[in-house]
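Open your viewer, get comfortable, and follow along stop by stop. At each one you will read what to select and what to look for.

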Amino acid sequence: MNPSWYWPTPNGKPPLTAVLSVVLPIAVLALTASTVDISTNKIFSALPRMLDFTRNLWVMPDWAYLPQLGEKMLETVEMTLLATALAVVLSMPLGILAAKNASPHPWIFRMTRDLLSLIRSLPELVWALVFVSALGLGPLPGIMALALVTVGFMGKFIAESIEVVDFKAIEGLDSTGCTKFQSILYAMLPQAVPDFIGSLLYILDHNLRAASILGLVGAGGIGYDMVMSMRLFNYERIGMIALSIYALVTLLDRLSDVFRQKAIGGNLNVH
Amino acid sequence: MAYISLRAVHKTYPNGYCALKNFNLDIEAGQFIAVLGPSGAGKSTLLRAMNALDPATQGEISIDGVALNKKNYRKIRAHVGMVFQQFNLVNRLNVMTNVLVGRLAEHSWLSSLFYLFPKTDYQIAEAALREVDLLDKAWSRADKLSGGQQQRVGIARALAQQPKLILADEPIASLDPKASEEVLKLLRKICSEKGITVIINLHQVEYAKQYADRIIALNAGTLVFDGSPEQLTQARQAEIYGTVAEEIYHEPELVLAHA
């Protein structure tokens, strides 16, 4: 080793935590790779079949399917928007209760946090299964499942963005003799807005993708058609469905970029 | 009884650091009082004890004959304005809302929920903004203003509380000399014209001598000088700043509290 090069530590050696954070994950990966059956052999032997599948996608689209595709995509988008809107309304108070600096009591903070992680512990698909068996097939159980899981995530995101709000503004409010509720409304929430918008846009993106597979369990959206055409090797449809989901996700991504710029750059004022 | 009186006030921080020791002080209404002393002497602690942002651990503080306690501090704060070194504005809200915040203590949670204020509040806020000469910036976002302007918004917020007392915790420490003078002149004018008592923490002895009616100085949590600007001679200044409380620099929490 070149002796004139040192790490910026008192003894010139790399810090122990940095070494461990590189070495430990590699060790864990090496140990677990065999138990989850990762083998290069298997990956390479699957290549011809992958190519086969890809080749099969190059067929004339099933144009007659287009109206139904449009209808199902629209349903997917509607499910996404409804579920997200519902979740935002529900998660706002929960998020405030789950923020350490805004919660009225440490126990309420703890309990709300635990409730949110309980909701998050099961994925949308499992909640959708629960709601489908209770409410029957269709988009409604899908919306409910999606909204529920979104509350779990959004509540946590809102709480975290409130917790990192600059304490100076809060102190400024407190010094005027206002109540905690008023200081949440006038100091914490406005300062947390850029963070909210960031998480909201991420959640919209995530929910669109989640809504497109909920059909797998009969909870509405494009998912049912997608799974059925996969199972029936209906390549004429698979390509169309995949492309339209891709187009929609990309469109949303572009829109959210524009919106984020405005919101965080300050052109989108609260007033 | 004096307008503000502190009797045997002690402040010990949770980590055991004692910032105010057996502190006694009387302040008459309508005076402009400068508080001097080295960093860590307890100047901020003193001001922050007066509106219970950092309540005293022992002793009694009374303002206008009312003793400060856990139950009434909000009521007392409603008429005690505070001006901060870092302005402590809500950056993302416009200037008008930042000033109207000074009226919140008078309102119920329901009207606050919808960001609604009565017309009388707008008149008070406008008068406050005119006082600090920022009425033309009323609808700008607070963080778009310069440091000096932001501090004047801070003063307007305090004025909107219609206070009898303004506590200014190193209000010019983050400002350039020109903005500093503007802010000091403004506070002096508010004190003289409206009869509002102003207690201001300062690092500049010259400014204290120039603007204050009375100067008090702290070192290591005790009062080491109390008198008129004329009485603060070179020799007395050397005494005040002679022994710096070194220990505080080893306590990050306290350095923050005094920053």
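**Stop 1: chain A, end to end**

Select chain A and colour it from the N terminus on: the elements run α-α-α-α-α-α-α-α-α-α. That is 10 helices and zero strands. This is a predicted model, so keep that in mind as you look around.

Now zoom out until the whole chain fits on your screen. Along its principal axes, the C-alpha trace of chain A spans about 70 × 60 × 40 Å. Why is chain A described as more spread out than a compact globule? Its radius of gyration is 24 Å, well over the 18 Å that the globule rule gives for 271 residues, so chain A is more spread out than a compact globule. Of those 271 residues, 32% count as buried. If you draw the contacts in chain A between residues at least 6 apart in sequence, 71% of them join residues at least 24 apart.

**Stop 2: how confident is the model?**

Colour everything by pLDDT. The mean for chain A is 89, and 96% of its residues reach 70 or more. Chain B averages 91, with 93% of the residues scoring at least 70. Next, select residues 244-249 of chain B, where the pLDDT is below 50. Beyond near neighbours in sequence, this stretch has 10 contacts in the model. Then jump to residues 267-271 of chain A, where pLDDT also stays under 50; the model has 11 contacts for them beyond four places in sequence. Where pLDDT is low, the predicted coordinates should not be read in detail. For the model as a whole, the scores are ipTM 0.88 and pTM 0.83.

**Stop 3: where the chains meet**

Show both chains in separate colours. How many residues of chain A are in contact with chain B? There are 23, and they meet 26 residues of chain B. On the chain A side, select helix 7 (167-174) and helix 8 (180-211): each supplies at least two residues of the side that touches chain B. Helix 8 of chain A gives the most, with eight residues. Colour this side of chain A by class and you will find 10 nonpolar, 10 polar and three charged residues.

**Stop 4: the sheet of chain B**

Switch to a cartoon view of chain B. Four strands form an open sheet there, in the order 2-1-4-5, with antiparallel pairing. The edges are strand 2 (18-27) and strand 5 (66-67) of chain B, each of which pairs on one side only. Strands of a sheet pair through backbone hydrogen bonds, either parallel or antiparallel.

Select strand 1 (residues 4-12) of chain B and look to both sides:

- Six bridges join strand 1 to strand 2 of chain B, and B:Val9 stands opposite B:Phe23 in strand 2.
- Five bridges join strand 1 to strand 4 (residues 58-63) of chain B, where the bridge partner of B:Arg7 is B:Glu60.

Now follow the backbone from strand 1 to strand 2 of chain B. They form a hairpin with five residues between them. In the turn, find B:Gly16, which has a positive phi of about 95 degrees.

**Stop 5: a covered helix**

Select helix 1 (residues 43-50) of chain B. Is this helix mostly covered or mostly exposed? It is mostly covered: eight of its eight residues are buried. Among them are B:Lys43, B:Arg48 and B:Met50. Step just past helix 1 to B:Ala52, whose phi is positive, near 65 degrees.

**Stop 6: B:Val95 and its surroundings**

Pick B:Val95, in helix 3 (residues 95-100) of chain B. B:Val95 is buried, with 28 other C-beta atoms within 10 Å. Leaving aside neighbours within four places in sequence, its contacts include B:Leu134, B:Ala138 and B:Val153. For a longer reach, draw a line to B:Gly227: the two are 132 residues apart in sequence and 38 Å apart in space, C-alpha to C-alpha.

**Stop 7: the nonpolar core**

In soluble globular proteins, nonpolar side chains tend to be buried together. In this model the largest nonpolar core has 125 residues. Those with the most contacts inside it include A:Ala145, A:Leu146, B:Ala34 and B:Val99. The largest share of this core, 13 residues, comes from helix 6 (residues 139-163) of chain A. Finish by centring on B:Ala34: not counting residues up to four places away in sequence, B:Ala34 touches B:Ile200, B:Leu202, B:Ala208, B:Tyr211, B:Ala212 and B:Ile215.

Technical notes
Residues are numbered from 1 along each chain as its sequence is written. Chains are lettered from A and ligands numbered from 1 in the order in which they are written. This is a predicted model: local features need pLDDT of at least 70, side-chain atom pairs count only at pLDDT 80 or more; totals for chains, interfaces and linings use all residues. Two strands pair if DSSP finds at least two bridges between them. pLDDT is the predictor's confidence in each residue, from 0 to 100. Two residues are in contact if their C-beta atoms, placed from the backbone, lie within 7 Å. Ala, Val, Leu, Ile, Met, Phe, Trp, Tyr, Cys and Pro count as nonpolar, Asp, Glu, Lys and Arg as charged, and the others, Gly among them, as polar. A residue is buried if 20 or more other C-beta atoms lie within 10 Å of its own, exposed if 12 or fewer, and partly exposed in between; C-beta atoms are placed from the backbone. The radius of gyration is taken over C-alpha atoms; the globule rule is 2.2 Å times the number of residues to the power 0.38. A nonpolar core is a set of buried Ala, Val, Leu, Ile, Met, Phe, Trp, Tyr and Cys residues joined through C-beta atoms within 7 Å.
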